[in-house]
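Visitor: I would like to learn how to read the features of a model like this one. Could you walk me through it?

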Amino acid sequence: MIWRRTLVELLHLVIGVAGAAVLAYGATWSLPHASETIWMVTYGVMAVVVAMSIPPLRAAAKADRRSTDG
């Protein structure tokens, strides 16, 4: 597979965002009166997960390009 490293990093990103959403859903189920606050914090966490995934994703893409060049 040519872009294996990049796909793995994208999978980590998707799992992180989906995991945050699942946890938020469970939290809103148990505390329905605080659902607005829970989701606002979750959106912040999702943004942090995406931001933290950018450097490893760029490094993986660079390594994948390097391995396909030669």
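**A salt bridge and its surroundings**

Guide: Gladly! Arg5 and Asp64 form a salt bridge, with their closest N and O atoms 3.1 Å apart. Arg5 belongs to helix α1 and Asp64 to helix α2, so this pair ties together parts that are 59 residues apart in sequence. Please keep in mind that this is a predicted model.

Visitor: How many salt bridges does the count come to?

Guide: The general idea is to look for a side-chain nitrogen of Lys or Arg within 4 Å of a carboxyl oxygen of Asp or Glu. By this rule the count here comes to one salt bridge.

Visitor: Is Asp64 buried or exposed?

Guide: A residue is called buried when its relative accessible area is under 20%. Asp64 has a relative accessibility of 1%, so it counts as buried. Its partner Arg5 is partly exposed, with a relative accessible area of 35%.

Visitor: Which residues does Asp64 touch, not counting residues up to four places away in sequence?

Guide: Leaving out those sequence neighbours, Asp64 touches Ile2, Trp3, Arg4, Arg5 and Thr6. You can also look along the chain: the C-alpha atoms of Asp64 and Val49 are 15 residues apart in sequence and separated by 22 Å.

Visitor: Where is Thr28, and what does Thr28 touch?

Guide: Thr28 has its place in helix α1. With residues up to four places away in sequence not counted, its contacts are Ser35, Ile38 and Trp39. Thr28 is buried, at a relative accessible area of 13%.

Visitor: Now to the surface. Which residues make the nonpolar surface patch?

Guide: For a patch, we look at residues with over 30% relative accessible area and no salt bridge. Ile2, Trp3, Leu7 and Leu10 make a nonpolar surface patch of about 370 Å². Take Ile2 as an example: it sits in the segment before α1, the helix of residues 4-30. Ile2 is exposed, with a relative accessible area of 57%. Ile2 is also one of the residues that Asp64 touches.

Visitor: And which residues form the positive surface patch?

Guide: For charged patches, like charges are joined within 9 Å. Here Arg58, Lys62, Arg65 and Arg66 form a positive surface patch. Among them, Arg66 is found in helix α2, which covers residues 35-69. Arg66 is exposed, at a relative accessible area of 56%. Asp64, the buried residue of the salt bridge, lies in helix α2 as well.

Technical notes:
Residues numbered from 1 in each chain as written. Predicted model: local features only at pLDDT ≥ 70, side-chain atom pairs only at ≥ 80, totals over all residues. Heavy atoms only, no water. Patch = residues over 30% accessible without salt bridge, like charges linked within 9 Å, V, L, I, M, F, W, Y side chains within 5 Å. Areas by Shrake-Rupley, 256 points an atom, 1.4 Å probe, with all protein chains shown as cover. Helix = DSSP H or I, 4+ residues; strand = E, 2+ residues; numbered from the N terminus. Buried < 20%, exposed > 50% of the residue type's maximum accessible area, 1.4 Å probe, protein only. Lys, Arg positive; Asp, Glu negative; His and termini not counted. Charge placed at Lys NZ, Arg CZ, Asp CG, Glu CD. Contact = heavy atoms within 4.5 Å.
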